Amino acid sequence: MEKGRSVHPDCINASNPYHECVEYCFQRIAESKSRAEEDETNDSSKEPEERIVHPDCINASNPYHECSDHCFKRIADLKAQIERNESDKQTVVSVEEERANQVEQNDGNVDSESGQPHLTEKQKKLFELRLKMNEARKANQMAMVAEKKKMEAPTETRGISKQKWLDERKKKIGKLLDSNGLDISKAYMLDTQEAAQAKYKKWEKDPAPHGWDVFNQKTLYNAHKKRTQNIQCDMEAYNKAKEEDPEFYREASSLQYGKMTKTPEENIDRMVKELQDRDAKRKSFSRRRKFHEEKDIDSINDRNEHFNKKIERAFGKYTLEIKNNLERGTALPD
């Protein structure tokens with residue numbers, strides 16, 4: 001204890017150089033000493049407690065584990081399940097024994113001449129009815145399978161061959177890339193000059209007009225150029241007609257407005273031929289559509305067929321069973 005300061009060595013604030021113990025500090029020190037003595041006496045009088053561990057517990061090998069209600073519940077459930085499995089095995093064995101006994105009895109009742117069991121008249125009639133039911137069920141299922149094949153369109157050989165060609169081409173490109181030490185992202189380096197030019201020409205092609213762009217001036221002008229590029233123009237006759245008529249290009253203020261100029265017959269015939277060729281080309285154009293001859297016909301014309309397809313897309317999955325039952329005349333078993 002230092003001079004000038006009254007500090008008890010057991011005080012928790014003894015390390016503080018500015019602390020001085022008061023009555024509260026001495027009281028706390030006395031309480032802590034008495035508590036320590038009580039703990040020592042209690043520890044000496046107590047005997048070590050034994051752990052409660054069930055031998056069937058999965059954590060029994062853990063020296064710090066003590067079984068609780070959860071452990072005992074799991075052990076009981078496991079034992080009940082084992083007993084249930086044993087009882088099920090016994091029942092299965094008994095059922096198999098009964099079946100074997102029935103087979104032996106039936107074998108004993110078989111007629112030696114016909115090889116058929118001895119049946120009464122009612123049993124024979126019931127047996128025949130079951131045979132007919134089985135035959136009808138089998139025929140019904142075969143009809144259902146045939147109808148399903150008819151409804152599903154067959155795969156096209158062209159699509160299969162195209163897919164096969166694509167797969168073979170990928171394998172070939174992969175071998176070439178491996179032999180040249182290139183990655184799949186560098187596959188364009190294997191293209192020839194002609195193939196590259198065809199690719200760029202296809203990419204640079206303007207897209208087809210759609211929507212309101214079909215009626216703008218640029219699209220109409222491009223269509224006019226496309227129609228007139230195959231028509232030959234006689235420049236000598238054109239210049240001669242232009243020299244003969246001073247008002248070849250008339251305006252609204254011209255006195256000859258409304259008068260019809262003389263047009264050569266060959267020009268009229270050329271225009272008529274162009275219109276006829278355009279009409280024939282328009283009629284011959286048609287997109288390739290899938291047509292399946294084996295599919296049932298349920299329409300009277302193309303427009304009705306298109307409408308039936310839209311109805312089938314919307315409600316076909318809900319009315320398929322009803323439609324099949326009406327066509328077949330009976331419902332199929334589950």
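## Contacts, core, cysteines and salt bridges in a predicted helical chain

Among the contacts in the chain with a separation of 6 or more, 20% are accounted for by residues 24 or more positions apart. The model is predicted.

The chain has nine helices and zero strands. Read along the sequence, the pattern is therefore α-α-α-α-α-α-α-α-α. The chain has 334 residues, and 6% of them count as buried. Its accessible surface comes to about 32100 Å². Carbon and sulfur atoms contribute 53% of that surface.

**Core**

Which residues make up the largest nonpolar core? There are five: V7, C11, C21, C25 and I29. Three of these positions, C11, C21 and C25, are cysteines. I29 is in contact with H8, D10 and C11 when its neighbours within four places in sequence are left aside. C11 thus appears both as a member of the core and as a contact of I29. C21, another core member, is buried, with a relative accessible area of 8%.

**Cysteines**

A disulfide is a covalent bond between the sulfur atoms of two cysteines. How many disulfides does a search of the whole structure find? The search finds zero. For C21, the closest cysteine sulfur is that of C11, at 3.8 Å. That distance is too far for a bond, because a disulfide requires the two sulfur atoms to be within 2.5 Å. C67 gives a second case: the closest cysteine sulfur is in C57, at 3.8 Å, again too far for a bond. C67 is buried, with a relative accessible area of 10%. C21 and C67 are therefore both under the 20% cut-off for a buried residue.

**Salt bridges**

A search of the whole structure finds six salt bridges. Among them are the pairs in this table.

| Acidic residue | Basic residue | Closest N and O atoms |
|---|---|---|
| D191 | K199 | 2.8 Å |
| D279 | K283 | 4.0 Å |
| E305 | K309 | 3.9 Å |

In the pair of D191 and K199, the closest N and O atoms are 2.8 Å apart. D191 is partly exposed, with a relative accessible area of 27%. K199 is also partly exposed, with a relative accessible area of 37%.

Where do K283 and D279 lie? Both are in helix α8, which covers residues 265-284. They are four residues apart, about one turn of the helix. Is K283 buried or exposed? K283 counts as exposed, at 67% relative accessibility, because the cut-off for exposed is over 50%. Its partner D279 is partly exposed, with a relative accessible area of 36%. The salt bridge between K283 and D279 has its closest N and O atoms 4.0 Å apart, and the cut-off for a salt bridge is within 4 Å.

E305 and K309 both lie in helix α9, residues 302-328. This pair is likewise four residues apart, about one turn of the helix. The closest N and O atoms of E305 and K309 are 3.9 Å apart. E305 counts as partly exposed, at 31% relative accessibility. K309 is partly exposed as well, with a relative accessible area of 43%.

Methods: Residues are numbered from 1 along each chain as its sequence is written. This is a predicted model: local features need pLDDT of at least 70, side-chain atom pairs count only at pLDDT 80 or more; totals for chains, interfaces and linings use all residues. Side-chain values use heavy atoms; hydrogens and water are left out. A nonpolar core is a set of buried Ala, Val, Leu, Ile, Met, Phe, Trp, Tyr and Cys residues joined through side-chain atoms within 4.5 Å. Buried means under 20% relative accessible area, exposed over 50%, partly exposed in between (1.4 Å probe, protein chains only). Contact means heavy atoms within 4.5 Å. Helices (H or I, at least four residues) and strands (E, at least two) are DSSP runs, numbered from the N terminus. Accessible areas come from the Shrake-Rupley method with a 1.4 Å probe; for residues, only the protein chains shown count as cover. A salt bridge is a side-chain nitrogen of Lys or Arg within 4 Å of a carboxyl oxygen of Asp or Glu.
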